[in-house]
Amino acid sequence: MYKDLENKVVVITGASTGLGKAMAERFGKEKARVVLNYLKDDSDYQEIIQTIEAAGGKAVAIKGDVTKEEDVKKLMEYAVEKFGTIDVMINNAGIENEVPSEKLTLEDWQKVIDVNLTGMFLASREAISYMLEHNIKGNVINMSSVHDRIPWPHFVHYAASKGGVKMMTETLALEYAPKGIRVNNISPGAIDTPINAEKFNDPKATQEVIDLIPMGYIGKPEQIAACAVWLASEESSYVTGMTLYADGGMTKYPGFQAGKG
Ligand code: NAI
């Protein structure tokens with residue numbers, strides 16, 4: 001538990017599923033006040049709000065598309081209207097789809113870049129601008145991926161977007177460090193969430209992924225949420241511009257494990 005997170009206002013995009021949901025619920029356990037952004041009407045955000053409030057936190061939700069500037073502005077306004085401030089911005093919303101690069105349309109390329117990179121920029125800009133205006137020594141946490149570092153054929157748009165997120169994080173960290181605003185990146189490996197549902201419903205495909213993970217298992221969303229609360233807390237107060245790889249060792253060249261290389 002991180003005592004300093006109590007009552008902190010935490011805005012999370014794509015918060016109704018997967019990692020966003022796990023982070024929202026974990027911040028709820030820290031008794032933070034959570035603002036959930038969700039994209040789809042069928043999302044179970046109400047259940048997440050109940051879980052957060054049962055744990056002693058507070059939560060509200062607002063629909064919005066992170067690629068739309070006006071929706072992102074509304075998200076910040078809503079956070080301030082409901083909870084009075086913004087302390088932590090978590091840019092989590094992201095998408096991927098598999099297409100061989102020679103067949104990737106401009107539309108598909110643009111869609112992934114818009115959500116994964118431009119959406120994260122827009123929310124970072126709005127949150128940082130609020131923090132500067134109100135002298136808040138806040139935190140921005142971006143959800144990148146091991147594919148900000150590991151090339152990924154058939155996912156060139158995804159890998160390019162995540163590589164962009166990593167460098168955006170480092171640049172913003174440098175730019176706003178003098179103001180006490182920290183900007184960090186979490187790069188998960190393979191985690192059991194809806195984005196991977198199709199793959200993880202297939203035992204052969206799942207095993208192929210596990211073979212790439214030195215620790216030998218698919219990660220749990222709660223393990224990523226644990227990284228997010230640490231980065232948002234005072235326990236990491238001297239950490240900025242960092243990429244935290246939470247990947248069971250996936251980025252450590254598993255092909256070179258003893259007996260393999
Ligand atoms: P997910 O598919 O459950 O979550 C993505 C969320 O983003 C969904 O709730 C979706 O509705 C939302 N979203 C998509 N487009 C949006 C838009 N335009 N505006 C607002 N929300 C939008 O998958 P997961 O795994 O929870 O993904 C969360 C983040 O973690 C993504 O950025 C993903 O790239 C990243 N990630 C996930 C990994 C994994 O293995 N699960 C590994 C590495 C990174």
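H157 is buried in this predicted model, because its relative accessibility is 0% and the cut-off for buried is under 20%. This histidine lies in helix α5, one of the helices that pack on a seven-stranded open sheet. From here we can follow H157 to its neighbours, then look at the sheet, and finally visit the helix pairs.

**H157 and its surroundings**

- Setting aside neighbours within four places in sequence, H157 is in contact with N97, L104, D108, W109, V112 and I113.
- Of these partners, D108, W109, V112 and I113 also appear among the α4 residues that meet α5.

**The sheet**

- How are the seven strands ordered in the open sheet? They run β3-β2-β1-β4-β5-β6-β7, and the pairing is parallel.
- Strands β3 (58-63) and β7 (243-246) stand at the edges, and each has a single partner strand, so one side of each is left without a neighbour in the sheet.
- From one strand to the next, the twist averages 15 degrees.
- Within this sheet, β1 (residues 9-12) pairs with β4 (residues 88-91) in the parallel sense, over three bridges.
- I12 has I90 of β4 as its bridge partner.

**Helices that pack on the sheet**

- Helix α3 (residues 69-83) packs on the sheet and touches β1, β2 (33-38), β3 and β4.
- The direction of α3 makes about 150 degrees with that of β3.
- Helix α5 (residues 156-176), the home of H157, also packs on the sheet, where α5 touches β5 (139-143), β6 (182-188) and β7.
- The direction of α5 makes about 155 degrees with that of β6.

**Helix α4 beside α5**

- Helix α4 (residues 106-133) packs against α5 at an angle of about 15 degrees, and their axes are 8 Å apart.
- Why does α4 count as roughly parallel to α5? The angle of about 15 degrees falls under 35 degrees, so the pair earns that description.
- The crossing of α4 and α5 is right-handed.
- On the α4 side, the contact includes N116, L117, M120 and F121, while A160, S161, V165 and M168 are among the α5 residues they meet.
- The residues of this α4 and α5 contact divide into 15 nonpolar, five polar and two charged.

**Helix α1 beside α2**

- Helix α1 (residues 18-29) and helix α2 (residues 45-54) pack at about 25 degrees, with their axes 8 Å apart.
- That angle makes α1 roughly parallel to α2, and α1 passes α2 in a right-handed crossing.
- K21, A24, E25 and G28 in α1 meet I48, T51 and I52 in α2.
- By class, the contact of α1 with α2 has three nonpolar, two polar and two charged residues.

**Helix α1 beside α8**

- Helix α1 also has helix α8 (residues 221-232) as a neighbour: their axes come within 8 Å and cross at roughly 55 degrees.
- Is α1 parallel or oblique to α8? The answer is oblique, and the crossing is right-handed.
- From α1, the residues G18, L19, A22, M23, R26 and F27 take part, meeting α8 residues that include P221, E222, I224 and V229.
- By class, the contact of α1 with α8 has eleven nonpolar, one polar and two charged residues.

Technical notes:
Residues numbered from 1 in each chain as written. Predicted model: local features only at pLDDT ≥ 70, side-chain atom pairs only at ≥ 80, totals over all residues. Heavy atoms only, no water. Pairing = 2+ DSSP bridges. Helix = DSSP H or I, 4+ residues; strand = E, 2+ residues; numbered from the N terminus. Axes fitted to C-alpha atoms, helices over the stretch in contact; angles between N-to-C directions. Contact = heavy atoms within 4.5 Å. Buried < 20%, exposed > 50% of the residue type's maximum accessible area, 1.4 Å probe, protein only. Parallel < 35°, antiparallel > 145°, perpendicular 65-115°, else oblique. Left-handed = near helix turned anticlockwise from the far one by under 90°. Nonpolar A, V, L, I, M, F, W, Y, C, P; charged D, E, K, R; others polar.
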